[in-house]
Amino acid sequence: MSHALSAIDLALRGDAGGLSFLERTAAIYVLDAATTPGKLTTYGWWNFLNDALNEVERYEASSSPPDLGSHVRLLATITRRVARRPPSSDRRLIGTCLANASMSHMHLLASPEIGQFLVQNNDEMRERNMGRIASIVFDFSFYRTNSIRRSAFSDPVALEQFCGVVAANAVSTGPDAVKYLIADWIVPSIESLPPYAVVAMMSHISIEAMGKGCPVGTKAVIQSLLETVLKKAVGPLMTDALRESDGGYSVLEIRDTAPSGAKMSQRIAALSFRALESWCRSTSTGIVQLRQIFSSTNINILETIADAMYSDAAIVTDAVSDLLDVLLDFCRRDSKISSGLDIAQSLLGMMKHSNQLDLAQQLTSENRRSKIIILSELVSAIGLQRFRFSERQRIGDNAVCRCLARMAARILLEAEDDIKKGSMETSLDGIFDLLFKAMSHPSLDVSGIALEALSAFVHSEKGLSTRLLPLLQGKAIIPFHLVSGEDINGFEEYRNFRERVLNDALVACYEGCGLFFLESCCSAIEEFCIANQSSHLPYQFEAALFCMIAVSEEIAKPLRRYQHDGSSLINVDADAQQTSSFLERIVSALAKNAFSSTSHPLVMARMCIFLNKYATVFPLCSSENTFETASELALSSFNRSLEGGNYDAFLDSCDVKSPLSESCNALQQLLRSCPAHFSAPTAMNALENAWKMPYACRKVDIEDRESLCSGLCYVISSLPSEQWSVSVENLAKPLVACLSVLAKEADTEKNCDIIPSVMKRISHEILLLSSIVRYFDQADVSNLDDGKRALRGKVLVTLLNRNWSCLKHIGETYSSQEVVAEAIGRLLSDSLWLYKSVEELSFLRELSNLAKTSMLGIAKTNKPTSLPSLLLFVKTMVELHGQNAETSLQTNDENSFCREIVVDLIMVSYEAVR
């Protein structure tokens, strides 16, 4: 290959040098004074393009030409980018080139005529290349298949890109060039030009005209040519292409190498719809205006769109979908304008001189009536596709099914307001049938599109929600082929669908048929609890629980309004009583199952999530046993999870936490929702065993232990205040004992491999101590008076003082360990809120001293990554007590001691970060 094709070949292979050469050639010009001594020339992309086209033609004239299709595609792509550069920019680039070369070739550039000559030569080269490309795209020989050898220029993608080159060049040259290209060249000669080239050119002209860098006046020219282009070019070619695509191959048809194998007539039809879309987008033309434009021709645009829906080519139906999106977007904009005019009319109705407003409102009213008629026709047209949808689904044509579902959803959503007002002039059965078929489609793309549209109508259309619910429940079942974890991308797609699209649809469905929804899910759960074991049962069970979890907030909101009085709800309506009964039935069925069906890790985790979501509702149920049963289920799940095997990998693939984590979260919410229920000795013993269990098996993560700690602190706070001190001491006793043992082990341990694990365990116990301080201090504070708030603080200060020597030793010795420093910093920050008065100044000083000691130890070991949590403590100290420290500068009172602590702490932190 010669130099031009060689450079392109290297770029196609990913060679950095080849890519760089093409980029630089497309961006700059170089001065050539060596090829012809005494005669200067410039070399840029237009010269390179000329050489490349010559080389392609020479190779194709040989007896065995290589395949240059990819080379021509890349050449066309870069040329289009360069063509967006206006001729004036080319001239400036040549001026820059000459200025850069003037030092070495000053004697050759002495005459200004030389510079003008070089600029003129480049302009001529650009025009010559444009003419050459235009002759290629308008050459019928490149669209025929009866030749023995197929040219690289016959590639439809390359031809379309070359049409884009001509379009980009016309737009960048200026509005007059655009007008000349369309009105004086293409439209008058349309009968003698290849249809594919014409519609591609029209499409790309409007696309280029929407660019931010197009010359001033281009959009006005596009607007003035709209009717001419649509009536004389795009419209006729579109209808002809649709007519030909329904039959066999015409003379001009070729088959692409793409898997779709689209015929040329189908490509022309798709490009026609693309051109129509881009012209409507660039001129802000809606479907009402588009129909008016074609009203003076023999083309019924709505019938044309309806005919295109029958196409078996995905490129055609996809183009129609995009066109409808654009047309209906502008239709919605016009509806908003109409609504604004109605508001203005109502405000100015009593004023005089409102003739212009009356005229505007009259026009918008006519547009509104036209819009209803058009939407009715579109609803009817897409409804007829329900039979063909089943046919395309049967043969596995997911692309056409997706496009049909997309069109149906878009039309239905656009007509939503008119449907709810009863203004539509056609039946909705067809479009709803199509969307329900799409909802049952195995592809998530297709079913997701339909689901979003149907969800918007479950409130207004009677019976729609009850018809939709079984399909939603079916979609909630994890497909069995995804359970193996082999298709990771497929499972991720399904998870996103279920957590976003399906979840919202379930909420909408519940709002449409609340009691039917609960009855269906409740009956399914009861049936699964007594069903025989099978490989599919766990995933069906999990799906039923997922449906109940999805609507938990909608169920809980109304029930939280009622006050619990013994064993019944007071002032409760019938729906709330029925809702309560359904929850009681579900909890009872889960308890009676005794982990027969719920022992599967996925089902157990989902069951714990269910208990978590409804924890605040269970105390409001009519039966007192419901909350107790739910609590026993959560505690049993916790104990059973500790005994179970390792299934984290399986649950990670399902994006679900382990049953152990979910059971801890459920226990936390249950303990916080009704802490007084657990004050009985039996319940306290069960909770104490659960709290101490991690020290025996070490399977519980620190986050789960903190969740459990939070709930236990709420239980302790519900006890009489005289029991607080003993209960908090008992809660902290196992972790304090463990902390002491671990500190001694670390002091005597010489094995460097074991020390990190010991440090991690030490940090976890300190974090638990910090959680006790934080959660007990904040638990149910709204119901406490100042005296009990102070008593809580004293209980926690006493707890810390008793164990301060161990904490101080750990801080002084192991603060250089990042995990330990982070835990100590969090404990100090949480404990800082316990300081309430000057009588506790010694406690504040102890906190500050531990922070200073830890920071100085970190500074000595030069491990700044351990500082952030301690610096956060300093920040909190300054925020809480900095004002007192400043006040003590003017008043010599007890705040002076606080000032001393704050200033010393700031100075030490400054030294630590230097």
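Let's start in helix α3, which covers residues 45-60. W45 and F48 sit three residues apart there, so about one helical turn separates them. Keep in mind as you look that this is a predicted model. The rings of W45 and F48 make an aromatic pair, with 4.9 Å from centre to centre and 35 degrees between the planes. That angle makes the pair tilted, because planes count as stacked when under 30 degrees apart and as edge-to-face when over 60. Are these two residues buried or exposed? Both W45 and F48 are buried. They also have company: F21 joins W45 and F48 in one aromatic cluster.

Aromatic pairs turn up elsewhere too, and the count for the model comes to 17. In general, a pair of rings is described by how far apart the centres are and by the angle of the planes. Take Y143 and Y196 as another example. Their ring centres are 6.0 Å apart and their planes stand at 55 degrees, so this pair is tilted. Where do the two tyrosines, Y143 and Y196, lie? Y143 is in the loop between α6 (112-137) and α7 (156-173), while Y196 belongs to helix α9 (residues 195-209). The pair therefore ties together parts that are 53 residues apart in sequence. Y143 is buried, and Y196 is buried as well.

Now move along the chain to a loop residue, S284. You'll find S284 between α11 (264-283) and α12 (287-294). What is notable about the backbone here is the phi of S284, which is near 55 degrees, a positive value in a residue that isn't glycine. As a rule, most residues other than glycine have a negative phi. S284 has a relative accessibility of 34%, so it counts as partly exposed.

Next, look at how some helices meet. Helix α19 (residues 429-439) and helix α20 (residues 444-455) have axes that come within 7 Å and cross at roughly 135 degrees. Why does that make α19 oblique to α20? Roughly perpendicular ends at 115 degrees and roughly antiparallel needs over 145, so an angle of roughly 135 falls in the oblique class. The crossing of α19 past α20 is left-handed. On the α19 side, the contact uses F432, L435, F436, A438 and M439. On the α20 side, V446, S447, A450, L451, A453 and L454 take part. Sorted by class, the residues in the contact of α19 with α20 are ten nonpolar, one polar and no charged.

Further along, helix α38 (residues 804-814) meets helix α40 (residues 841-861), with axes that come within 8 Å and cross at roughly 25 degrees. That angle is under 35 degrees, so α38 counts as roughly parallel to α40. This crossing, of α38 past α40, is right-handed. W804, L807, K808, G811 and E812 of α38 make the contact with E846, L847, L850, T853 and S854 of α40. What classes of residue does the contact of α38 with α40 have? There are four nonpolar, three polar and three charged residues.

Follow the chain on from α40 and you reach N862, in the loop between α40 and α41 (868-887). N862 is not a glycine, yet its phi is positive, at about 55 degrees. With a relative accessible area of 63%, N862 is exposed.

How values were computed. Residues are numbered from 1 along each chain as its sequence is written. This is a predicted model: local features need pLDDT of at least 70, side-chain atom pairs count only at pLDDT 80 or more; totals for chains, interfaces and linings use all residues. Side-chain values use heavy atoms; hydrogens and water are left out. Axes are lines fitted to C-alpha atoms, for helices over the stretch in contact, and angles run from 0 to 180 degrees between N-to-C directions. Helices (H or I, at least four residues) and strands (E, at least two) are DSSP runs, numbered from the N terminus. A crossing is left-handed if the near helix is turned anticlockwise from the far one by less than a right angle, and right-handed if clockwise. Contact means heavy atoms within 4.5 Å. Ala, Val, Leu, Ile, Met, Phe, Trp, Tyr, Cys and Pro count as nonpolar, Asp, Glu, Lys and Arg as charged, and the others, Gly among them, as polar. Angles under 35 degrees count as roughly parallel, over 145 as roughly antiparallel, 65 to 115 as roughly perpendicular and the rest as oblique. Rings of Phe, Tyr and Trp (its six-membered ring) pair if their centres lie within 6.5 Å; planes under 30 degrees apart count as stacked, over 60 as edge-to-face and the rest as tilted. Buried means under 20% relative accessible area, exposed over 50%, partly exposed in between (1.4 Å probe, protein chains only).
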